[in-house]
Structures are given as C-alpha cells and as structure tokens.
Protein chains: 2
Amino acid sequence: MRVGIVGGTGEIGEGMAMRLSRIMDVCVGSRDISKARETCDTCLFSAKEEGLDCSVEGGTNQDVVDGSDLVILAIPFKHVQSTIQGLTGLDEKIVVSPINPMERRDCFVYTPPAEGSAALYLQKILPEGTRICTAFNNIAGNRWRDISSDLTYSVPVCGDDAEAKRIVMDLVDRISLLKAYDAGPLSCSHIIESITPLLLNVARYNRMKDVGIRFV
Amino acid sequence: MRVGIVGGTGEIGEGMAMRLSRIMDVCVGSRDISKARETCDTCLFSAKEEGLDCSVEGGTNQDVVDGSDLVILAIPFKHVQSTIQGLTGLDEKIVVSPINPMERRDCFVYTPPAEGSAALYLQKILPEGTRICTAFNNIAGNRWRDISSDLTYSVPVCGDDAEAKRIVMDLVDRISLLKAYDAGPLSCSHIIESITPLLLNVARYNRMKDVGIRFV
C-alpha cells in the first residue's frame, strides 16, 4: 500500500512522512513542490543517519492523490476547502482526516463547522462514496517528528466503511507503538477531534508538553 | 472536609461512597432514605471485611447538602432538574458534576442540552455563585465498585473558581491512584463529558470492558 500525505510539509505531515517512509512507500504533497522535496530530503537524511531504508517521493497534492491508495489530509481545518477544491480522484481512495477544527481564545476551544465535525464536513464536500476515516487526531506534531522516541498512544479510528476502517487501523498499528481502536461511525468523530483542544489545555494548565491519550 | 454524594445509591455513587468513606467523612443521599442506609451498610461491611475504618452516614439528598462542604451529583442527566429543584443551599457548596448526557442509539451518542454541556446546564439552573466543577466523568461504575483494584486513570477537572478547582483536584488525588489534571474553565466540560460515550463505544467495538483514559 502506498500512503500519500496531502499537506505533508507541515509539522505533523512531515513527522508522519518521516515515520511512515521507513515502513512503506510514501508520497508527500504540497502546493509548493520544492517544499515537498525538502520534506523528502529530511526523511531520507534522518533514515540514512540511522542506516535505515526510506521510500519517499515528493509532488503536488494532486500527484499524491493520483499515486496513493490511502491519502492522509495533514492540513489545518481552515485550508480544507481550498485544498480539496483543486483535487480530483479522492473518491477512489481511502481518505484519513487527522483534522481538528479549533481556536485559541482564553483557552483552546473546539470549533466544529455546522456539520458537527471536520470529518462530516469532509463527507459533505467530497464526492459520494469517498471512504473517509478519522485517525491520528490526538498526536502532537513534536512527537511525530521526534523519531527516536516511541509513540505509545491509543488512536481512536472512526468511519462508516468497515473495510477502509480495518485498513486504517492496520496502518496505525504498524507505526511505532501506536494502537488503533475502532471508535464507531464517522458521526462520532467530533469527540475525537475535540480531545485535541482538551489535551492542549491540559498541557498548558498543568505545565506539560505534547500530551496524548491512552485507553486503559 | 465532608463529602456528600447526591444520588449515592446508584452504581457510580455507591462505588464512590465505598472508596471515599475509607479516607474521609461521607454522607450518602437518596430520595429513598432506606436505600441510602443500604449503601452505608455496603460501605461499612466491605471496609470491615478488610479491617479498615469507614465513616459514612445516610440521609435524604437535602441532608447530604446540609451536612457537606462538597457535593457530588452522582445522578443521570435526565434526573438533574427534578433532583436539583427540591434542594436548597447548594450555592454555599462546591458542586461536582460527573454527569454525562448521552443516549444509546446505534452507538453511544453525546447528547448535551442547549447550554452545551451538563455542567453549563447546572450553572444555569443553580443559584449564581455556586462553585461548580466537572470531575470523575470518565470512570465506569464497575471500576468504582471493584474496590480491591486500583483506579489508575487521569481525571480532567474543569471549573471557573480556582480555589474550588484546587479542592476538587486534591480530592481526586486522594482517591486510589487517580490523578487530577486542570482541564480549564467550566465551558470546556463538554469535551470531558463526551469522552464517556467514546469510551463506551471503544469498549463495545473492541470487546473491552470498563475503558478509561490516561494522559501520557
């Protein structure tokens, strides 16, 4: 399976690319193709330093969609519409949303669109039949990029297509020490998305860094 | 400090009473005073079996409010209005809400009132100045009652009164291996409340029991 990361040059996207390109074929996309290539260099360099193989390729976001079976949308919520608008072929892919609509006011606040969650908004704007799953929502960019340390989090996965969800859960389980949990239909995504502002608040008010969750 | 448990004869309330009455003075309330006394007997019996002290008293829910510094509302959301309606004096207390408005449909769904959360609904119907905190929302009743095993969960606490929040967090930290985290103002409670239907779905879809969370 080939995994594409749309918006793969942001902090979370690049960290994902670094970890995923060591265990499978990864395609990193950006509006700016030179940035995508920089991220590929970062992946290749860090893998080489440790004497590991790395399979990563850069391109436009459309290249990523065309060349992948599963596409992770590693973009902020405010860029979702403009990014999706220009892309074709997503309806033939599994689309993974780690997107958390939120704002920083006095504290971090979950600010979902009228549809109820980023995931349901995606469902509305993507062609019918696109297999959307929510996953990777609650892992800090810093932790993705700190590739020498294990990720020991639980990853709740939502989605309405059982086969797509199983593929996404298998992907999660291959990364570091992450453990995937079926968290129900796509309509439950708002809970998972809202956990991220909670974790940011917990970090802030308790002087912690990069807080994640584990189901126990 | 004397802790009162309104609705202390339900599964969660009784489990809380069992654990708390071993470490502080507890007052257990119910609409039916004979049920409150049964819960006291359960607490006393289980403590005696292990040769431990236990301080617990039963009464009406109004007795609980009158006799406590901190009142935990261990009641389902659907009973909040009718229970609160009959009670006076809550505005002089710290009121703790472990209440999660939810429904079981195809899966468990978070169903907050128009105010946005059970906590904000409480704030609306209780007298101004009542010091409300959210805590203990994500711990299963079974786990409260299984008193021979440690509770190893993280407990996010929300509230707008810093002193009340500190007192509630100290209370949390005294119970088993629970660890309290400041999770921000009362307006953030909806996230904590919604985690409970998520945990119930995770348990159901992954064949687990009594799932809780830990911040890592």
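V172(A) counts as buried, because its relative accessibility is 0%. This valine lies in helix α7 of chain A, and it is a good place to start a tour of this predicted model. From there we can step back to chain A as a whole, then visit its salt bridges, and finally look at some spots in chain B.

**Around V172(A)**

- Leaving aside neighbours within four places in sequence, V172(A) is in contact with F136(A), V155(A), V157(A), L178(A), K179(A) and A180(A).
- One of these partners, V157(A), is 15 residues away from V172(A) in sequence, and the two C-alpha atoms are 9.1 Å apart in space.
- Helix α7 of chain A covers residues 162-174, and several of the residues described below belong to this helix too.

**Chain A as a whole**

- If you trace the secondary structure of chain A, you will meet eight helices and eleven strands.
- How does the radius of gyration of chain A agree with that of a compact globule? For 216 residues such a globule would have a value near 17 Å, and chain A has 16 Å, so the two agree.
- The C-alpha trace of chain A spans about 40 × 40 × 30 Å along its principal axes.
- Of the 216 residues in chain A, 56% count as buried.
- Contacts often bring together parts of chain A that are far apart in sequence: among those between residues at least 6 apart, 70% join residues at least 24 apart.
- The accessible surface of chain A comes to about 9,000 Å², and carbon and sulfur atoms account for 46% of that area.
- On the charge side, chain A carries 23 positive and 29 negative side chains. The centres of these two sets lie 6 Å apart.

**Salt bridges**

- Over all chains, the structure holds 18 salt bridges.
- One of them joins D182(A) to K165(A), with 2.8 Å between the closest N and O atoms. This pair links distant parts of the chain: D182(A) sits in strand β10 (residues 179-182) and K165(A) in helix α7, 17 residues apart.
- Are the two partners of that bridge buried or exposed? D182(A) counts as buried because its relative accessibility is 15%, and K165(A) counts as buried because its value is 9%.
- Helix α7 of chain A also holds R166(A) and D170(A), whose side chains meet in a salt bridge at 3.5 Å, N to O. These residues are four apart in the helix, so about one helical turn separates them.
- With 44% relative accessibility, R166(A) counts as partly exposed, and D170(A) is likewise partly exposed at 39%.
- In chain B, K124(B) forms a salt bridge with E115(B), and their closest N and O atoms are 2.9 Å apart. K124(B) counts as exposed at 58% relative accessibility, whereas E115(B), at 24%, counts as partly exposed.
- Salt bridges can also share partners, and in this way R131(A), D161(A) and E163(A) are joined into one network.

**Buried places in chain B**

- Helix α5 of chain B runs over residues 118-125, and its buried residues include A118(B), A119(B), L120(B), Y121(B) and L122(B).
- What do the buried residues of α5(B) pack against? Their partners in chain B are β4 (70-73), α4 (80-85), β5 (94-97), β7 (108-110), β8 (131-134) and α8.
- Helix α8 of chain B, residues 189-205, is where you will find S189(B). S189(B) is buried, because its relative accessible area is 0%.
- Not counting residues up to four places away in sequence, S189(B) touches S117(B), A119(B), T134(B) and C158(B). Among these, A119(B) is one of the buried residues of helix α5.

**Two backbone angles to look for**

- Most residues other than glycine have a negative phi, and the next two residues go the other way.
- S176(A) is not a glycine, yet has a positive phi of about 45°. S176(A) belongs to the loop between α7 and β10 of chain A, and at 29% relative accessibility it counts as partly exposed.
- D210(B) is another non-glycine residue with a positive phi, here near 50°. You can find D210(B) in the loop between α8 and β11 (213-215) of chain B.

Key
Residues are numbered from 1 along each chain as its sequence is written. Chains are lettered from A and ligands numbered from 1 in the order in which they are written. This is a predicted model: local features need pLDDT of at least 70, side-chain atom pairs count only at pLDDT 80 or more; totals for chains, interfaces and linings use all residues. Side-chain values use heavy atoms; hydrogens and water are left out. Helices (H or I, at least four residues) and strands (E, at least two) are DSSP runs, numbered from the N terminus. The radius of gyration is taken over C-alpha atoms; the globule rule is 2.2 Å times the number of residues to the power 0.38. Buried means under 20% relative accessible area, exposed over 50%, partly exposed in between (1.4 Å probe, protein chains only). Contact means heavy atoms within 4.5 Å. Accessible areas come from the Shrake-Rupley method with a 1.4 Å probe; for residues, only the protein chains shown count as cover. Lys and Arg count as positive and Asp and Glu as negative; His and the chain ends are not counted. The place of a charge is taken as NZ of Lys, CZ of Arg, CG of Asp or CD of Glu. A salt bridge is a side-chain nitrogen of Lys or Arg within 4 Å of a carboxyl oxygen of Asp or Glu.
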